[in-house]
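Biologist: I am new to this structure and would like to learn how to read its features one at a time. Could you show it to me, and then take me through it?

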Amino acid sequence: MINREGDRMLLSGPITLQNVTSQLGEGLVHVRSGAVTIDLGGVTDLDSALLAAILAWIREAHRLNNPLVIENLPEGLQTLAQLYGVEQLLPVAHRN
């Protein structure tokens with residue numbers, strides 16, 4: 001689930017292949033309306049589908065000249081990003 005507080009997207013619950021399509025679209029709406037922070041602190045379960053969604057949001061934000069920052073990057077997502085060689089593409093506010 002994605003909630004919005006000001007310019008922050010707050011993700012919570014599981015974000016996996018089962019529900020990423022709806023999350024991807026919802027996140028793009030938030031990015032296009034000015035969200036600048038993705039807070040992953042509430043994510044309970046994830047897989048590489050979340051990483052793909054985040055990369056799509058980052059790409060859209062760059063297209064709009066509206067860079068994003070990621071907060072509370074889960075260790076599992078950081079590991080996936082390292083395995084795929086895309087860790088440096090993630091604009092993380094604070095790495096764990």
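Biologist: How many bridges join strand 1 to strand 2, and in which direction do these strands run?

Modeller: Two strands pair if DSSP finds at least two bridges between them, and the strands themselves are DSSP runs (E, at least two residues), just as helices are DSSP runs (H or I, at least four residues), both numbered from the N terminus. Here four bridges join strand 1 to strand 2 (residues 8-15), and the two run antiparallel; one of the partnerships links Ile-2 with Leu-11 in strand 2. This is a predicted model, in which local features need pLDDT of at least 70 and side-chain atom pairs count only at pLDDT 80 or more, while totals for chains, interfaces and linings use all residues. Residues are numbered from 1 along each chain as its sequence is written, and side-chain values use heavy atoms, with hydrogens and water left out.

Biologist: In what order do the four strands form the open sheet?

Modeller: The order is 1-2-3-4, with mixed pairing. Strand 1 (2-5) and strand 4 (69-71) are the edge strands, each pairing on one side only.

Biologist: What should I look for in a salt bridge, and which residue does Arg-8 pair with in this way?

Modeller: Side chains of opposite charge can pair when their charged atoms come close. The rule asks for a side-chain nitrogen of Lys or Arg within 4 Å of a carboxyl oxygen of Asp or Glu, and by this rule the count comes to four salt bridges. Arg-8 forms one with Asp-39, their closest N and O atoms being 2.7 Å apart. Because Arg-8 lies in strand 2 and Asp-39 in strand 3 (residues 37-46), the pair ties together parts that are 31 residues apart in sequence.

Biologist: Is Asp-39 buried or exposed?

Modeller: Buried means under 20% relative accessible area, exposed means over 50%, and partly exposed lies in between (1.4 Å probe, protein chains only). Asp-39, at 11%, counts as buried, whereas Arg-8, at 22%, is partly exposed.

Biologist: Which residues does Leu-77 touch?

Modeller: Contact means heavy atoms within 4.5 Å. Leaving aside residues up to four places away in sequence, Leu-77 touches Leu-40, Leu-46, Leu-50, Leu-51 and Ile-54. Leu-77 lies in helix 3 (residues 75-84) and is buried, with a relative accessible area of 0%. The C-alpha atoms of Leu-77 and Leu-50 are separated by 8.0 Å, although these residues are 27 residues apart along the chain.
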